[in-house]
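Reader: Can you walk me through this model? Short answers are fine.
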2 protein chains.
Amino acid sequence: MSDYVQKIENALDALGERKSRPRQLLAEKLGTLAVEGHGFTVEELWTALRAENPSLGRATVFRTVKRLVDAKILDLIDFLDGTKLYRVCGESLIDTGHHHHLACLQCHAIREFTFCLPADQIERVSRKENFWVQSHSLTLYGLCEFCRPQQP
Amino acid sequence: MSDYVQKIENALDALGERKSRPRQLLAEKLGTLAVEGHGFTVEELWTALRAENPSLGRATVFRTVKRLVDAKILDLIDFLDGTKLYRVCGESLIDTGHHHHLACLQCHAIREFTFCLPADQIERVSRKENFWVQSHSLTLYGLCEFCRPQQP
DNA sequence: TTTAGTGCAAAGGCTTTGCACACCG
DNA sequence: CGGTGTGCAAAGCCTTTGCACTAAA
């Protein structure tokens, strides 16, 4: 766990400059969440942080989360039912490489998987459509093993 | 054009029951937008409809758009900069088949392309991750031919 | 000492909802 | 008529912003 916290702290250092108490708390919490792989809302994060520091402001969490998303430390996964959850991105923290997400429509668990659309396929679409592709997003929605009825 | 309008009206019939003036106007406007392939916000749609019927309420547009999204008549494309645009879905209206979107990050044009991740690849991920995949979303972001600097 | 960072509360956007009325069937 | 659909305005969410204050370097 300490590994993740350290890396998140380093990432924050690389962005903003100062190590404040709120950011430190946030890094610690995100370290835990990274291990568990849970998705979370800003509200949930804020609530959790206030357990440690009751005066910590909501805006601070929003501001820091935004920075972390820009820095690709956090991913934002959009379930199509209106739910949107942040998740610590394994790619930047433990070098899992290029990945996309499996999103469970029932319990909202999010998992990374490292497979992707082959580059030559993207290239083909790009040429055919005369469209310069810079990035892409791919999410598979369904049910995780805990939410699915037992298989035969 | 009339083709699209007819199909959208039919789709609305299939959902709600009554043909009201607001819904008719909305179907006509969406017919035009389907031909042009433009993405739009609810606000833009509302503004356009008020040109025909100044007393048409914003809530009506929201309510109808929501129904159409649920019915997969409209797609919602999420640019990652906060922009979200609706688009008439070719798949349900003119049977273009399974498709995904090319989204221009500059002018916010949205185009459909019919290529997709091969089913056996999805199947492989599904088995490997022990995750039952029900649906997926794939969007390619980049620059369309009009927003891109001239190629050599 | 300097200035990024913070907390608070207010303001913003966008979307939904409650309610009385309108109007389709 | 009966009940869906509508318009309006108010309320709800989630997020951002302004400002004075705190504290890191």
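Author: Let's begin at DNA strand D. H4(A) gives the most to the surface near that strand, with five residues. Keep in mind that this is a predicted model.

Reader: Which elements give two or more residues to the surface near DNA strand D?
Author: H4 of chain A does, together with helix H2 (21-36) and H4 of chain B.

Reader: And which residues come nearest to DNA strand D?
Author: There are 20 residues around DNA strand D. A:Lys66, B:Arg18, B:Ser20, B:Thr60 and B:Arg63 come nearest.

Reader: How does the surface near DNA strand D split by class?
Author: It has five nonpolar, five polar and ten charged residues.

Reader: What share of the DNA strand D atoms within 4 Å of the protein belongs to sugar or phosphate?
Author: 63%. The rest belong to bases.

Reader: Give me some atom pairs. What does B:Arg63 do at DNA strand D?
Author: A polar side-chain atom of B:Arg63 lies 2.9 Å from a base nitrogen of DNA strand D. A:Arg18 also has a polar side-chain atom by a base nitrogen of that strand, at 3.4 Å.

Reader: What about B:Gly57 and DNA strand D?
Author: There the backbone is involved. An N or O atom of the B:Gly57 backbone lies 3.0 Å from a phosphate oxygen of DNA strand D.

Reader: OK, DNA strand C now. Which element gives the most to the surface near it?
Author: H4(B), with five residues.

Reader: How many residues surround DNA strand C, and which are the closest?
Author: 20 residues surround DNA strand C. The closest are A:Ser20, A:Arg23, A:Thr60, A:Arg63 and B:Lys66. Of the atoms of DNA strand C that come within 4 Å of the protein, sugar and phosphate account for 66%.

Reader: Which side chains have a polar atom by a phosphate oxygen of DNA strand C?
Author: B:Lys66 is one of them, with a polar side-chain atom 2.2 Å from a phosphate oxygen. A:Arg23 is another: an N or O atom in its side chain is 2.9 Å from a phosphate oxygen of DNA strand C.

Reader: And what does A:Arg18 do at DNA strand C?
Author: A polar side-chain atom of A:Arg18 lies 3.1 Å from a base nitrogen of that strand. As for the elements, H2 and helix H4 (58-70) of chain A, together with helix H4 (58-70) of chain B, give two or more residues to the surface near DNA strand C.

Reader: Class split for the surface near DNA strand C? What are the numbers?
Author: Five nonpolar, five polar and ten charged residues.

Reader: Switching topic. What is the secondary structure of chain A?
Author: Chain A has six helices and five strands. Along the sequence the pattern is α-α-α-α-β-β-α-β-β-α-β. Its C-alpha trace spans about 55 × 45 × 30 Å along the principal axes.

Reader: At what angle do H2(A) and H4(A) pack?
Author: About 60°, with their axes 11 Å apart. H2(A) and H4(A) are therefore oblique to each other. Their crossing is right-handed.

Reader: Which residues meet there?
Author: From H2(A), A:Pro22, A:Arg23, A:Leu26 and A:Leu30. They meet A:Thr60, A:Val61, A:Thr64, A:Arg67 and A:Leu68 in H4(A). By class, that contact divides into five nonpolar, two polar and two charged residues.

Reader: How do H2(A) and H3(A) cross?
Author: Helix H2 (residues 21-36) and helix H3 (residues 42-52) of chain A have axes that come within 10 Å and cross at roughly 120°. They are therefore oblique to each other. A:Leu25, A:Leu26, A:Lys29, A:Leu30 and A:Leu33 of H2(A) make the contact with A:Leu45, A:Ala48, A:Leu49 and A:Glu52 of H3(A). Seven of the residues in this contact are nonpolar, none polar and two charged.

Reader: Last pair. How far apart are the axes of H3(A) and H4(A)?
Author: 9 Å, at an angle of about 125°. This crossing is right-handed. On the H3(A) side, the contact is made by A:Val42, A:Glu43, A:Leu45, A:Trp46 and A:Leu49. On the H4(A) side, A:Arg58, A:Val61, A:Phe62 and A:Val65 take part.

Reader: What classes are in the contact of H3(A) with H4(A)?
Author: Seven nonpolar, no polar and two charged residues.

Conventions: Residues are numbered from 1 along each chain as its sequence is written. Chains are lettered from A and ligands numbered from 1 in the order in which they are written. This is a predicted model: local features need pLDDT of at least 70, side-chain atom pairs count only at pLDDT 80 or more; totals for chains, interfaces and linings use all residues. Side-chain values use heavy atoms; hydrogens and water are left out. Axes are lines fitted to C-alpha atoms, for helices over the stretch in contact, and angles run from 0 to 180 degrees between N-to-C directions. Helices (H or I, at least four residues) and strands (E, at least two) are DSSP runs, numbered from the N terminus. Angles under 35 degrees count as roughly parallel, over 145 as roughly antiparallel, 65 to 115 as roughly perpendicular and the rest as oblique. Contact means heavy atoms within 4.5 Å. Ala, Val, Leu, Ile, Met, Phe, Trp, Tyr, Cys and Pro count as nonpolar, Asp, Glu, Lys and Arg as charged, and the others, Gly among them, as polar. A residue is near a molecule or strand if one of its heavy atoms lies within 4 Å of it. A polar contact is a pair of N or O atoms within 3.5 Å; within protein, one must be able to donate a hydrogen and the other to accept it, and residues adjacent in sequence count only if both atoms are side-chain atoms. A crossing is left-handed if the near helix is turned anticlockwise from the far one by less than a right angle, and right-handed if clockwise.
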